[in-house]
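The following exercises are to be worked with the sequence and the model in view. Each task is followed by a solution in steps.

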Amino acid sequence: MGKLNEILNDSSSALLIVSAADLKEFAHDLLKSARIEAEQQLKEQQKERYLTGKEAAKMLGVDTSTLWRWGKAGHLHAVDVGGMKKYKLSEINNFVKSKEG
């Protein structure tokens, strides 16, 4: 697939004669490459990020005591990560969206 990609990426015009087997191999390699890239992007999107109370408070523009009150009220929940209370970024984003809408 490397040589064919070189030819395709070259800015000059070229007339290609390609066998069906070569075209099939190219398509297979292209799809495999696209699948691997999509899987990597999905894994990155699924990684959860956790914020400290200070980071979450700064992001929301409130004091850490407000986060504590929101937690008591059931709006935001801190989770224990390595012995520290942290906030899920996804939960903070969902909280902000619910207040905006």
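**Exercise 1. Identify the residue of E3 that is the bridge partner of Leu51, and place this pair within the sheet.**

Solution. The model is a predicted one.

Step 1. Leu51 has Tyr87 as its bridge partner in E3.

Step 2. Strand E3 covers residues 84-88, and its antiparallel pairing with E1 comprises two bridges.

Step 3. The open sheet consists of three strands, ordered E1-E3-E2, with antiparallel pairing. Its edge strands are E1 (50-51) and E2 (78-81), each of which pairs on one side only.

Step 4. Helix H5 packs on this sheet, where it touches E1 and E3; the directions of H5 and E3 make an angle of about 50°.

**Exercise 2. Determine how many bridges join E2 to E3, and describe the hairpin of these two strands.**

Solution.

Step 1. E2 and E3 run antiparallel and are joined by four bridges.

Step 2. Within this pairing, Val79 has Lys86 as its bridge partner in E3.

Step 3. Two residues lie between the strands of the hairpin, and Gly82 adopts a positive phi near 60° there.

**Exercise 3. Classify the packing of H3 and H5 from the angle between them, and list the residues that meet.**

Solution.

Step 1. Helix H3 (residues 53-60) packs with helix H5 (residues 89-100) at about 25°, and their axes are 11 Å apart.

Step 2. Angles under 35 degrees count as roughly parallel; H3 and H5 are therefore roughly parallel to each other.

Step 3. The crossing in which H3 passes H5 is right-handed.

Step 4. From H3, the residues Ala56, Met59 and Leu60 take part; they meet Leu89, Ile92, Asn93, Phe95 and Val96 of H5. Sorted by class, this contact of H3 with H5 comprises seven nonpolar residues, one polar residue and no charged residues.

**Exercise 4. Carry out the corresponding analysis for H3 and H4.**

Solution.

Step 1. The angle between H3 and helix H4 (residues 64-73) is about 95°, with the axes 8 Å apart.

Step 2. The range 65 to 115 counts as roughly perpendicular, and H3 and H4 are therefore roughly perpendicular to each other.

Step 3. On the H3 side the residues are Gly53, Lys54, Ala56, Ala57 and Leu60, which meet Thr64, Leu67 and Trp70 in H4. By class, the contact of H3 with H4 holds five nonpolar, two polar and one charged residues.

**Exercise 5. State how many salt bridges the structure holds, and locate the residues that take part.**

Solution.

Step 1. There is one salt bridge in the structure.

Step 2. It is formed by the side chains of Arg35 and Glu39, at 3.2 Å from N to O. A salt bridge requires such atoms to be within 4 Å.

Step 3. Both Arg35 and Glu39 belong to helix H2 (residues 20-46), where they are four residues apart, or about one turn of the helix.

Note on methods. Residues are numbered from 1 along each chain as its sequence is written. This is a predicted model: local features need pLDDT of at least 70, side-chain atom pairs count only at pLDDT 80 or more; totals for chains, interfaces and linings use all residues. Side-chain values use heavy atoms; hydrogens and water are left out. Axes are lines fitted to C-alpha atoms, for helices over the stretch in contact, and angles run from 0 to 180 degrees between N-to-C directions. Angles under 35 degrees count as roughly parallel, over 145 as roughly antiparallel, 65 to 115 as roughly perpendicular and the rest as oblique. A crossing is left-handed if the near helix is turned anticlockwise from the far one by less than a right angle, and right-handed if clockwise. Contact means heavy atoms within 4.5 Å. Ala, Val, Leu, Ile, Met, Phe, Trp, Tyr, Cys and Pro count as nonpolar, Asp, Glu, Lys and Arg as charged, and the others, Gly among them, as polar. Two strands pair if DSSP finds at least two bridges between them.
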